[in-house]
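Here is my note on the fold, as numbered points. Please keep the model open while reading.

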Amino acid sequence: MESISPLFSSSTEVRYSPPWQDLSIIGIAGSSGSGKSSVAMEIVKSLNLPWVVILVMDSFYKTLTPEQHHKAHANEYDFDCPESIDFDNLVETLRDLKKGKKANIPIYSFAEHQRQRNTTTLYSPHVIILEGILALHDPRIVEMLDVKIFVEADMDVCLGRRILRDVRERGRDIEGIIKQWFEFVKPSYTRFVEPQRSISDIIIPRGIENKTAIDMVVKHIQRKLQEKSDNHTEALRKLGLVAAEVELPSNVHVLPSTPQIIGMNTILQTPETQQEDFIFYFDRLVSILIERALDMTSYVSANVETPQGSTYLGLHPKGIVSAVAILRGGSCMETALKRSIPDCLTGRLLIQTNESNEEPELHYLKLPSRIEEHTTVILIDSQMSSGGAALMAVRVLIDHGVEQGRIVFVTCAAGERGLKRLTAVYPRINVIVGRIEEEGEPRWIEKRYFGC
């Protein structure tokens, strides 16, 4: 399957695709108790990467009617036939993740035989391992799979494993487990599960003991991830070349070179400046940047009766203003942020650059609740050089429902090429910059601020 290029361009638009778009999906099917989960976990363990996740098909069991719920507790409901799985929901979820969007994964309680009200949010995995007895059943899912795996084991062994699992983890009794096995599980294996074997790419007998087959899968995934990483890095390089040919746009607002601003930057860039003085003047500079960013938010008219009895025609902020810090540079700007907006809701993004290939990598995110409804979202980072982390951060906000025109990116220092690259992809965001720095200047502000 050909991967999507991370950079799309035309005469009117340049678009950025993050590394997790067009993710790889590995399907693992097999009988109940065949060792599918163990194989999936061994693959994840061998890869040892934060963006490889297991998606268990059991989460997508359909919500039961009262009659079906009664049958389930009496071990008389068939959970092993295709009709028990909400395939439409599963297909939609996989398609959203394939496009780089976030998805809400259902939570199913085996003790209650019901889908729970709360869900788990899944966003930005590079690889998903879809594990379930019917992972290769639906043609719509098979079409999205990069690798199709079938795990097989002796049926008596499978029954023994199922008894141990259901007694320990799901609170079932042995009599009910055996009843379900012969009435539903075994017939469904013959009718629905075993036929998936013929369309699989890799058949793994002996499950987790088959190290050779698992190693083949791991090496294939590693090749796919390296290919996508190379494409992403090359696309960022090409985007830099495209951006270099344009002028700095009007939505980039650089603080004027007044004596006050120049004086503060002189203190900040003097190596002999003591840390407490550095923190004081840095906070003061960031306060000016945040106040400039507040000029970019929306306001509504408000008439105020003054203590003198006159009416003042003023303004109130329209809606909620929140902020998201790109760690760790953005965290040293939060003191000034809170002084300017004391009740500001804040979130975090940890984006680190891989030193081996200069590729930005998303490791962690926690955004304010209902951020998509906020009038303005201020994205903060102390420095921006190439713009790779900023591109990724803005994409994360957009994927979580924030309109591009509501984002204000604030940074103390930025390279001109990085600014052009960012605004070429996202022309409707506003950018507030303290000063334009030399291209390729290393990050140093947060080290001076935190002293380490």
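**Notes on helix and sheet packing**

1. Helices H11 (residues 388-399) and H12 (residues 416-425) pack with their axes 9 Å apart, at an angle of about 25°. Axes here are lines fitted to C-alpha atoms, for helices over the stretch in contact, and angles run from 0 to 180 degrees between N-to-C directions. H11 is therefore roughly parallel to H12; angles under 35 degrees count as roughly parallel, over 145 as roughly antiparallel, 65 to 115 as roughly perpendicular and the rest as oblique. Helices (H or I, at least four residues) and strands (E, at least two) are DSSP runs, numbered from the N terminus.

2. The model is predicted: local features need pLDDT of at least 70, side-chain atom pairs count only at pLDDT 80 or more, and totals for chains, interfaces and linings use all residues. Residues are numbered from 1 along each chain as its sequence is written, and side-chain values use heavy atoms, with hydrogens and water left out.

3. H11 and H12 cross in the right-handed sense (the near helix is turned clockwise from the far one by less than a right angle; anticlockwise would be left-handed). H11 contributes Ala390, Leu391 and Val394 to the contact, and H12 contributes Arg421, Leu422 and Val425. Contact means heavy atoms within 4.5 Å. Five of these residues are nonpolar, none is polar and one is charged. Ala, Val, Leu, Ile, Met, Phe, Trp, Tyr, Cys and Pro count as nonpolar, Asp, Glu, Lys and Arg as charged, and the others, Gly among them, as polar.

4. One open sheet has five strands, paired in parallel, in the order S4-S7-S3-S8-S9. Strands pair if DSSP finds at least two bridges between them. S4 (52-56) and S9 (202-205) are the edges; each has a single partner strand, so one side of each lacks a neighbour in the sheet. The twist averages 20° from one strand to the next.

5. S4 and S7 (residues 127-131) run parallel, joined by five bridges. Leu55 sits opposite Leu130 in S7. Helix H3 (residues 87-98) packs on this sheet and touches S3, S4 and S7, with its direction at about 165° to that of S7.

6. A further open sheet has seven strands with mixed pairing, ordered S10-S18-S17-S16-S13-S14-S15. Its edges are S10 (252-254) and S15 (359-366), each with a single partner strand, so one side of each has no neighbour in the sheet. The twist averages 25° between successive strands.

7. S14 (residues 345-354) pairs antiparallel with S15 over seven bridges. Arg348 stands opposite Lys366 in S15. H11 lies across S13, S14, S15, S16 and S17, at about 40° to S15.
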